[in-house]
Structures are given as structure tokens and as C-alpha cells.
Amino acid sequence: MRCFNHPDREAVASCQACGRGLCRECAAKHRPCLCEECYQDNVNDAAAMKRLAKKAALVDTNSEMLKTSIIGLVCAVAFTLVMAKTLGGYDTFGAGDYFGMALFFFCVPFGWNGISYLESLMPSKGGSILIIPLYILIFWYLIKGFISLVIGIPLFLFQVIRWLVNITKAANEKNKI
Ligand SMILES: [Zn+2]
Ligand SMILES: [Zn+2]
């Protein structure tokens, strides 16, 4: 096989996405081994995915607020019941404890979205999204779930403020017209 870019050179590797032959010089350009075209596609995809991720992570419209609140309620009920059961049975806790636990768990999906938002602000290395091994992804999701628990409440407030700012802005724009 010959190099796609240099027909006079023998290929030493092939593009991992499209299989084109690449000479030593071309193969050394990108990690993972990709031809220029696939590398650019990959970078564009990564950028597009990032924009989508950022948009999806923001709880700044009424429908997103509603959706996240519903997931929050489900988390609150499910986690609170499991936790109360594990920590000594349902009779051990009073109404105030249940309320506290439910409030805490309610914030988890807001925390998750808040972290996704922060993630989407980090600079992207081209193509890295496609080559993350599954076990690292699962590991990261576990950590992310844990961070969501720990800083769910501040991130809930952060999302609520963003939501309020955004709907106020939208209302002002409507008034101008
Ligand atoms: Zn290629
Ligand atoms: Zn070449």
C-alpha cells in the first residue's frame, strides 16, 4: 500500500478511521493515527458534541427546569427510601430527616448537569472523545455521580440562578418587541 498523500512513498500505517495508507511522516502527525481529513472530521465532531453537551447541561429554560426537577423528585424519593431502609429502617427517622434527605437527593441531577456544564467549558483535545475506553468512562460516571452528591446543592443554586437570569432576559426581550 502507498501513502495517500505521497504516492511515491510506501505506507507504514493506515488511518484508523478510513483505512487510507499513511507513510511514516503522515502517520506521525496525529494520535490516534488518522489521516488529515479524518482528523479534521474528528475535531469538528468533538467541537459539535461539546456545544451540544454544553447546551444540554444548562438548566436555563422552563422545560429543562421542569425535566430536571422531575428527575430530581424521582432521585429524592428513590434514594431517600433506600437510604432510610439501609440506615436502620423507616421508623428511625422523623419527617424533618426525610425532608432533609429528600432535599439533598433532589439536587443530584442538578449537580450532574452542573458538572457536565463545567466539563463542556474545558478545552477539548481533538478526537479525545472517540478514544476514551469504556471502563474509564464508567469510572468517570461513578466519580461524577459522587461529586453530584457532594456539591449538588451549590450546583442546584447555580442552575436556578442561571434559569432565573435566562427567563428574565427572555421576558425583557419580549417586552421590547
Ligand atoms: Zn482517514
Ligand atoms: Zn505521506
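**Exercise 1. Classify phenylalanine 99: buried, exposed or partly exposed?**

Solution.
Step 1. Count the neighbours: phenylalanine 99 has 13 C-beta neighbours inside 10 Å.
Step 2. Recall the cut-offs: 20 or more means buried, 12 or fewer means exposed, and the range in between is partly exposed.
Step 3. Phenylalanine 99 therefore counts as partly exposed.
Step 4. Place the residue: phenylalanine 99 lies in helix α4. Its C-alpha atom is 26 Å from that of leucine 58, with the two positions 41 residues apart along the chain.

Keep in mind throughout that this is a predicted model.

**Exercise 2. Do the same for phenylalanine 105, then find what it touches.**

Solution.
Step 1. Locate it: helix α4 holds phenylalanine 105.
Step 2. Count again: 22 other C-beta atoms lie within 10 Å, so phenylalanine 105 is buried.
Step 3. Set aside residues up to four places away in sequence. Phenylalanine 105 then touches Cys75, Ala76, Phe79 and Thr80.
Step 4. Check one distance. Valine 150 is 45 residues away along the chain, and the two C-alpha atoms are separated by 9.9 Å.

**Exercise 3. Classify asparagine 62 and methionine 83 of helix α3.**

Solution.
Step 1. Asparagine 62 has 12 other C-beta atoms within 10 Å, so asparagine 62 is exposed.
Step 2. Methionine 83 has 16 other C-beta atoms within 10 Å, so methionine 83 is partly exposed.
Step 3. Add the distances. The C-alpha atoms of asparagine 62 and isoleucine 151 are 23 Å apart, across 89 residues of chain. Those of methionine 83 and methionine 101 are 8.6 Å apart, across 18 residues.

**Exercise 4. Describe how helices α5 and α7 are arranged.**

Solution.
Step 1. Find the helices: α5 covers residues 108–121, and α7 covers residues 152–176.
Step 2. Read the geometry: their axes come within 7 Å and cross at roughly 75°.
Step 3. Angles of 65 to 115 degrees count as roughly perpendicular. The pair α5 and α7 is therefore roughly perpendicular.
Step 4. List the contact. From α5 come Val108, Phe110, Gly111, Asn113 and Gly114; from α7 come Gly152, Leu155, Phe156, Phe158 and Gln159.
Step 5. Sort these residues: five are nonpolar, five are polar and none is charged.

**Exercise 5. Which residues form the largest nonpolar core, and which element gives the most to this core?**

Solution.
Step 1. The largest nonpolar core has 11 residues: Val59, Cys75, Ala76, Phe105, Phe106, Cys107, Val108, Phe110, Trp112, Leu155 and Phe156.
Step 2. The elements giving two or more residues to this core are α3 (62–86), α4 (95–106), α5 and α7.
Step 3. Helix α5 gives the most, with three residues.
Step 4. Note the other core: it lies apart from this one and has seven residues, including Cys3, Cys15, Leu22 and Cys35.
Step 5. Follow one member of the largest core. Leaving aside neighbours within four places in sequence, phenylalanine 156 is in contact with Cys107, Phe110 and Gly111.

**Exercise 6. Find the domains and the cis peptide bond.**

Solution.
Step 1. Split the chain: domain 1 spans 1–57 and domain 2 spans 59–176.
Step 2. Place the two parts: their C-alpha centres lie 36 Å apart.
Step 3. Look at the bond from arginine 31 to proline 32. This peptide bond is cis, with omega near -5°.
Step 4. Place the proline: proline 32 sits in the loop between α1 (24–27) and α2 (36–57).

Notes: Residues numbered from 1 in each chain as written. Chains lettered and ligands numbered in written order. Predicted model: local features only at pLDDT ≥ 70, side-chain atom pairs only at ≥ 80, totals over all residues. Domains from an automatic or database assignment. Axes fitted to C-alpha atoms, helices over the stretch in contact; angles between N-to-C directions. Helix = DSSP H or I, 4+ residues; strand = E, 2+ residues; numbered from the N terminus. Parallel < 35°, antiparallel > 145°, perpendicular 65-115°, else oblique. Contact = placed C-beta atoms within 7 Å. Nonpolar A, V, L, I, M, F, W, Y, C, P; charged D, E, K, R; others polar. Core = buried A, V, L, I, M, F, W, Y, C linked by C-beta atoms within 7 Å.
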